[in-house]
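Colleague: Thanks for making time for this. Could we go through the model together, one question at a time?

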Amino acid sequence: MDITVFEKGLVNWKIELSSKQMEQFLLYYEKMVEKNKVMNLTAITGFEEVVYKHFLDSLSLIQASIFLGKGNLIDVGTGAGFPGIPLKIVFPDLEVVLLDSLNKRIGFLNEVISGLGLKGISAVHSRAEDAGRKPEYREKFDFCVSRAVAHLSILAEYGLPFVKQGGYFIPYKSGNIEEEIKESEYAIKTLSGKIEEKISFSIPNTDIERTLVLVKKAAPIQKKYPRKAGTPQKEPLI
């Protein structure tokens, strides 16, 4: 593994890691590649590709000036732990909840949390629609993030129920999303959100285009949202 690739990318994000943090990233990579042999975590396993497409992409949240690495954050549909675990490694004071609907992935995430010695982070097995109705998670977070691949109107119903008033739902979107944003205006408004800013950029040394959509939670959400599991995807608020 050539860590200089990672170090150069971090310079672009103006991030400096301690030797312990770099060790945590390398161990995370090793655990992910090893576990990937027996379960499907990611199609990307080469170190350089993981650095660009998972680590640096996850950390691109720092492009949003409202994110200072403090408070609490929930990562919805975290999969192999992106973006939640890289954010936790870099910002150890950030309280993180990793949410995923597949219990096998939660098992892996708990192995990573323990193996890396991370504190103030937990992995929760649940669908977003179910967890968003639970008092311990509903409107409790400063930030909700998601790299999950779904239309913004669907992601908004997954994510906004977790965000406290004044907090932010920030989906990681790809490419030109102006039409998708327009199609999602009704959903976001219905879910008490307001698009405050769109931040577009390229991941360092790649042709990957990324847009962070900053959706501010303007008011408490109606009790009927999120709707029951599966409904947001089958019947999006469009």
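Modeller: Gladly, and let's start with helix H3. Keep in mind that this is a predicted model.

Colleague: Is H3 mostly covered or mostly open, and how many of its residues are buried?

Modeller: A residue counts as buried when its relative accessible area is under 20%. Among the residues of H3 that meet this are Phe47, Tyr52, His54 and Phe55. The helix is mostly covered, and its buried residues number 10 of 13.

Colleague: Which elements do the buried residues of H3 pack against?

Modeller: The buried set includes Val50, Val51, Leu56 and Leu59. Their partners include helices as well as strands. The buried residues of H3 pack against H1, H2, H4, strand E5 (163-174) and strand E7 (209-217).

Colleague: How many aromatic pairs are there?

Modeller: Two rings pair if their centres lie within 6.5 Å. By that rule, the number of aromatic pairs is 11.

Colleague: Let's take the rings of phenylalanine 6 and phenylalanine 55: is that pair stacked, edge-to-face or tilted?

Modeller: Stacked needs planes under 30 degrees apart and edge-to-face needs over 60, with the rest counting as tilted. The ring centres of phenylalanine 6 and phenylalanine 55 are 5.5 Å apart and the planes meet at 40°, so the pair is tilted.

Colleague: How many residues apart in sequence are the parts that this pair ties together?

Modeller: Phenylalanine 6 and phenylalanine 55 are both buried. Phenylalanine 6 sits in helix H1 (residues 3-12) and phenylalanine 55 in helix H3 (residues 47-59), so the parts tied together are apart in sequence by 49 residues.

Colleague: And what is the angle between the planes of tyrosine 28 and phenylalanine 82?

Modeller: Tyrosine 28 is in helix H2 (residues 19-35), while phenylalanine 82 is in the loop between strand E1 (72-76) and helix H4 (84-90), 54 residues apart. Their rings form a tilted pair, 5.4 Å centre to centre, with an angle between the planes of 35°.

Colleague: Why does tyrosine 28 count as buried?

Modeller: The cut-off for buried is under 20% relative accessible area. Phenylalanine 82 meets it at 3%. Tyrosine 28 counts as buried because its relative accessibility is 0%.

Colleague: Which residues form one aromatic cluster?

Modeller: We have already met the pair of phenylalanine 6 with phenylalanine 55, and that of tyrosine 28 with phenylalanine 82. Together with Phe25 they form one cluster, namely Phe6, Phe25, Tyr28, Phe55 and Phe82.

Colleague: Which residues does isoleucine 3 touch, leaving out those up to four places away in sequence?

Modeller: Isoleucine 3 belongs to helix H1 and is partly exposed, at a relative accessible area of 28%. Its C-alpha is 8.9 Å from that of phenylalanine 47, across 44 residues of sequence. Leaving out residues up to four places away, isoleucine 3 touches Met22, Leu26 and Phe47.

Colleague: Is tyrosine 158 buried or exposed?

Modeller: Tyrosine 158 lies in helix H7 (residues 152-159). Beyond four places in sequence, its contacts include Val76, Ala128 and Pro232. With a relative accessible area of 14%, tyrosine 158 is buried.

Colleague: Last one, for the whole chain: what is its radius of gyration?

Modeller: The chain has 10 helices and seven strands. The globule rule gives 18 Å for 238 residues, and the chain comes close to that, so it is as compact as a globular protein of that length, with a radius of gyration of 17 Å.

How values were computed: Residues numbered from 1 in each chain as written. Predicted model: local features only at pLDDT ≥ 70, side-chain atom pairs only at ≥ 80, totals over all residues. Heavy atoms only, no water. Helix = DSSP H or I, 4+ residues; strand = E, 2+ residues; numbered from the N terminus. Rg over C-alpha atoms; globule rule 2.2 N^0.38 Å. Phe/Tyr/Trp six-rings, centres within 6.5 Å; stacked < 30°, edge-to-face > 60°. Buried < 20%, exposed > 50% of the residue type's maximum accessible area, 1.4 Å probe, protein only. Contact = heavy atoms within 4.5 Å.
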